[in-house]
Amino acid sequence: LYEYEKKYDRIKVYVLPGSVAETRNKVLPLLNGDIIVFLDADEIAPPHWLSTLVAPIERGEADFVGGPTIPFAEAKNRCEKFINNRSKWFYENVISNDISMLPMGNTAWHKKIFDKIGGFDERLKWGGEDYDVYLRALASGFRGKLVKNAWVWHDQSHLNSLKKILRKKYRYAIGATLSYFKSKEVGRKIGKATKTSIMYFHPIEMINLFIKPFAFVKGYMIWRKINRT
């Protein structure tokens, strides 16, 4: 994780091993500014990205913001094309209407949010820790906004086979299920996720829709185990 120091014009690099939630929680106390920015390792930001992203927070229009992603390179096969096209559709048709679905990469947050709701839930090792933060932030009255001009390049070329895509979607679905149970909105969230898969009609998405019930069962079993410890 990186922290930019304007005073000395340098970047600090912290090596903080652990799960995604654990690493993010370790770095939060080390940050001194009022705005915290997340950028994933497979994302590349263009010039003026940061100022565009944080502007709504600085103007008091939102408490957290996020921007879309665009493909880093042209798709080399049908699987990569599916990932690129679906990502574009997801930002335009889902996130535009539900800010809680925004991925954590390419986002900025006012520090007061984490001061109030706490950090990331380290129990959610399968994933869903970012979605859980969105749900808690919104439930606490904080405002979110999609900043369409604050885009970054996203290299997802590693998802170049059906097996890799479905493996990732299965894990994400498990993480989302854990968030659903924690927020106590299982029925509504499951229905919404199913509707999203149906809306984007594609053979790969239909296969994903088929495996979601298995991910739900797995997530339910993990959630029960978490609550027994």
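Strands 4 and 9 run antiparallel and are joined by two bridges. Strand 9 covers residues 152–154. The model is predicted. Below are the sheet, helix 3 and one serine in helix 6.

**The sheet**
- Three strands form an open sheet in the order 4-9-6.
- Pairing in this sheet is mixed.
- Strand 4 (43–44) and strand 6 (69–71) are the edge strands, each pairing on one side only.
- Glu 43 sits opposite His 154 of strand 9.

**Helix 3**
- Helix 3 takes in residues 78–95, 18 residues in total.
- At 1.5 Å a residue, the helix should span 26 Å, and its end C-alpha atoms lie 24 Å apart, which agrees.
- A kink of about 30° is centred on Trp 89.
- Trp 89 is also one of the buried residues of helix 3.
- Other buried residues here include the aromatics Phe 82, Phe 90 and Tyr 91.
- Charged side chains are on the buried list too, among them Glu 80 and Arg 86.
- At the helix start, a side-chain oxygen of Asn 77 comes within 3.0 Å of the backbone nitrogen of Cys 79.
- Cys 79 is itself buried.

**Ser 179 in helix 6**
- Ser 179 belongs to helix 6, which covers residues 162–183.
- Ser 179 has 0% relative accessibility, so it counts as buried; the cut-off is under 20%.
- Beyond its neighbours within four places in sequence, Ser 179 contacts Leu 124, Gly 128, Tyr 131, Asp 132 and Leu 135.

Methods. Residues are numbered from 1 along each chain as its sequence is written. This is a predicted model: local features need pLDDT of at least 70, side-chain atom pairs count only at pLDDT 80 or more; totals for chains, interfaces and linings use all residues. Side-chain values use heavy atoms; hydrogens and water are left out. Two strands pair if DSSP finds at least two bridges between them. Helices (H or I, at least four residues) and strands (E, at least two) are DSSP runs, numbered from the N terminus. The expected span of a helix is 1.5 Å times one less than its number of residues. The bend at a residue is the angle between axes fitted to the seven residues ending there and the seven starting there. Buried means under 20% relative accessible area, exposed over 50%, partly exposed in between (1.4 Å probe, protein chains only). A polar contact is a pair of N or O atoms within 3.5 Å; within protein, one must be able to donate a hydrogen and the other to accept it, and residues adjacent in sequence count only if both atoms are side-chain atoms. Contact means heavy atoms within 4.5 Å.
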